[in-house]
Amino acid sequence: MRLVMIGSGYVGLVTGACLADFGHMVSCVDKDASRVETLRRGAMPIYEPGLETIAAHNVRDGRLSFTTDLTGSVKGADAVFIAVGTPSRRGDGHADLSYVYQAAREIAMALQGDTIVVTKSTVPVGTGDEVECIVRETRQGSAFSVVSNPEFLREGSAVQDFKHPDRIVVGVQDERARAVMTEIYRPLFLNKSPILFTSRRSAELIKYASNAFLAMKVTFINEIADLCEKVDADVREVALGLGADNRIGPKFLHPGPGFGGSCFPKDTVALVKTAQDHNSPVRLIETTIAINEVRKRAMARRIIYAAGGNVRGKRIAIFGLTFKPNTDDMREAPSISIIQALQDAGAHVSAYDPKGMDQARELWPDVSFHASPYEAAENASAICILTEWEQFRALDLQRLEKIVAQPVLVDLRNVYSEEEVKRFGFAYSAIGSRSRTPAHIADLAAARERLVEAV
Ligand code: UDX
C-alpha cells in the first residue's frame, strides 16, 4: 500500500516508521524543511527508544522517505494519515484544530483517485465530519472516505505499543475504507491484536475516554496514597490488592507527583470542554484535573518539609525532569510546577535528567544543570527523585550520603524502600505509607542525631 503521513512529529514518525516496517511504502511529510533534512540524515528529532533503528532500516530498504512535498506525496496514495498536533487552544482549552483543517484542505487539493483520509491526531467528536466537509467543498466530485483511527502510543514505548496494541480502533462509514484499513493493519492480526470497527464519532470519543479514564485512575491512586499516609496503610499493598481484581487491573496504579505529558493534561481539558458544550458535563474528569493541579505544588511542600521546613538559600537536588522516563519530553511535566514552587520558597535547584536537560534549560535559566546525579546532589539539603529513570534505581547511596548537606531522600516515585535507604543514613519520604511521612523522617533525623552524638 502507498501511505502518506502528514506531520512528522512524534505520532507521525512512529506510525510511519512502523507501517513501513509492515512492508508498506510510506512517505512522511512535514512543512518544517530543517526537520525533514534532519530525518533524511538519519537523525531523529525526538528521543524514542527503537525508533531510530527501525526508521534507518526502512529508509535503507526504500520503504520510508521524508519530504516537504505534500502534493506530490498525496497523488496516488491509498491512504493519507493526518498526524498533526492538536494543542490546547490558548484561552479556552478546546483542542486547536487549525493544523488538522489546514492539512485537510491541502490533502483535498492534491487528491487523485480513490483515497482514504485517516485522522490519527487526537480530535474532538465531530472533527471527522468537518474534515469530510472541507475535502468535499475543496474538491467537489472527488472519491474519498474519512476514517478516524486514534493512536494509543505511550511515549517511551511507542514502537512496542504500535506493534503489540491492545486494540486497533477504526471509525469507518463505508465498506471500501474498512477494507483498506484492514489491509493496512493486517500484519497485526498475526499478533492477535483485535481490530475494532466503530462509527467515526465513537472512535473519536474512545480516544478521549481512554486517556481521561487513565488520568482518573492515576489520580485515584494518588488520593488513596495520601489517605494511606494518614491511616497507616501502605499504598503499594493497597494497589496490589486493588489491581488483582480483574475488573480493575494492576496498571496505572503507581502513585506519583501527578500526571503530565503531551496527552493527559490537554486531552482531559478538551474532553471537559466538549462535554460542557453538549450540556453533558464530565464532573469526574473536571475534578481529576483540579486534584492533579493541586497535587504538584503539594509535592513541593513535601520536599520543603522533608528538607527541614525552610529551604531559603538551600540547595535542593532534583533527579529526573521529564514527565516520565525514556523520553526527552518536558511538556506538562510535574517538575515544572514543583521547581517553580521550590524557587518561590527561596531554594536553589540543581538538577539532572538523562535526556531532558536540553529542553529543561530553555525553561529555567536559573536552575543549575549537572552531568550526573552526584554532581547535582553536592551540598543539597534534600534529594528528590521526580522521574523514575532506570538509572535512579541503583544510586550509590553511600557516595551520595557523603556529598549532601543533609541526607534526605524524597522519593516521589516509590523507587526505594525505607529499609534500603535507612542503612545509608538517609531520612526517607515516599508516597503513600505512614512510615515514610515527614513525621517519621523527623523521628529518623532525631535518631540519627542521637547516634552521631553517641559516637
Ligand atoms: C498516554 C496514553 O497512555 C497513550 O495511550 C496516549 O496515546 C498518549 O497519552 P503518555 O502520555 O506517553 O501516554 O504516558 P503514560 O505512560 O500514559 O503516562 C501519563 C502520565 O501518568 C505520566 O505523567 C506518568 O508519570 C503518569 N502515571 C502513569 C502515573 O503517575 N502512574 C501510573 O501508574 C501511570
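**View 1. The shell around the ligand mixes residue classes, with 10 nonpolar, five polar and four charged residues.** This is a predicted model, so read the close-ups with that in mind. The ligand is surrounded by 19 residues, and the closest are Glu155, His254, Phe259, Gly261 and Cys263. Which helix gives the most to this shell? That would be helix 10 (residues 200–231), with three residues. Domain 1 (2–198) and domain 2 (212–455) each put residues into the shell, so the ligand sits between them.

**View 2. Domain 1 meets domain 2.** The domain assignment splits the protein into domain 1 (2–198) and domain 2 (212–455). Their C-alpha centres are 35 Å apart. Where the two touch, domain 1 brings 14 residues and domain 2 brings 14 residues. On the domain 1 side of that contact you'll find seven nonpolar, five polar and two charged residues.

**View 3. Helix 3 (residues 51–60) has a buried side and a face turned away from it.** Ile54, Ala55 and Asn58 are the buried ones to look for here. Why do they end up on the same side of helix 3? Around the axis they cover an arc of only 100 degrees, and that is what puts them together. Flip to the face turned away from the buried side and you get Thr53 and Arg60, which are exposed. The cover over the buried residues includes helix 1 (10–21), strand 3 (64–67) and helix 7 (158–163). Gly62 comes after helix 3, and its phi is positive, near 80 degrees.

**View 4. Strand 5 (residues 115–119) is mostly covered.** Five of its five residues are buried. Side chains in a regular strand alternate between the two faces of the sheet. Here, Thr115, Val117 and Thr119 go to one side of strand 5, Ile116 and Val118 go to the other, and all are buried. Strand 4 (residues 79–82) pairs with strand 5 in the parallel sense, over four bridges. To find your place in that pairing, look for Ala79 standing opposite Ile116.

**View 5. Strand 7 (residues 168–171) is buried on both sides.** Ile168 and Val170 point one way, Val169 and Gly171 point the other way, and all of them are buried. Strand 7 runs parallel to strand 8 (residues 195–198), and four bridges join the two. A handy landmark is Val170, which stands opposite Phe197 in strand 8.

**View 6. Six strands build an open, parallel sheet.** In what order do the strands come? Reading across, the order is 11-10-9-12-13-14. At the edges are strand 11 (368–369) and strand 14 (427–430); each has a single partner strand, so one side of each has no neighbour in the sheet. Further in, strand 9 (residues 315–319) and strand 12 pair in the parallel sense over four bridges. Within that pair, Ile318 stands opposite Cys384 in strand 12.

**View 7. Two asparagines, Asn279 and Asn379, have positive phi.** Most residues other than glycine have a negative phi, so the backbone here is worth a look. Asn279 has a phi near 55 degrees. You'll find Asn279 in the loop between helix 12 (264–277) and helix 13 (283–306). Is Asn279 buried or exposed? It is exposed, because just 6 other C-beta atoms lie within 10 Å, and the cut-off for exposed is 12 or fewer. Asn379, also not a glycine, has a positive phi of about 65 degrees. Its loop runs between helix 16 (373–377) and strand 12 (382–385). Asn379 counts as partly exposed, because it has 13 C-beta neighbours inside 10 Å.

**View 8. Ser98 is found in helix 5 (residues 98–110).** With 13 other C-beta atoms within 10 Å, Ser98 is partly exposed. Gly85 is also worth labelling here: Ser98 and Gly85 are 13 residues apart in sequence, and their C-alpha atoms are 9.2 Å apart in space.

Terms used
Residues are numbered from 1 along each chain as its sequence is written. This is a predicted model: local features need pLDDT of at least 70, side-chain atom pairs count only at pLDDT 80 or more; totals for chains, interfaces and linings use all residues. A residue is near a molecule or strand if its C-beta atom, placed from the backbone, lies within 6 Å of it. Ala, Val, Leu, Ile, Met, Phe, Trp, Tyr, Cys and Pro count as nonpolar, Asp, Glu, Lys and Arg as charged, and the others, Gly among them, as polar. Domain bounds come from an automatic or database domain assignment. A residue is buried if 20 or more other C-beta atoms lie within 10 Å of its own, exposed if 12 or fewer, and partly exposed in between; C-beta atoms are placed from the backbone. The arc is that of the directions from the helix axis to the C-beta atoms. Two residues are in contact if their C-beta atoms, placed from the backbone, lie within 7 Å. Two strands pair if DSSP finds at least two bridges between them.
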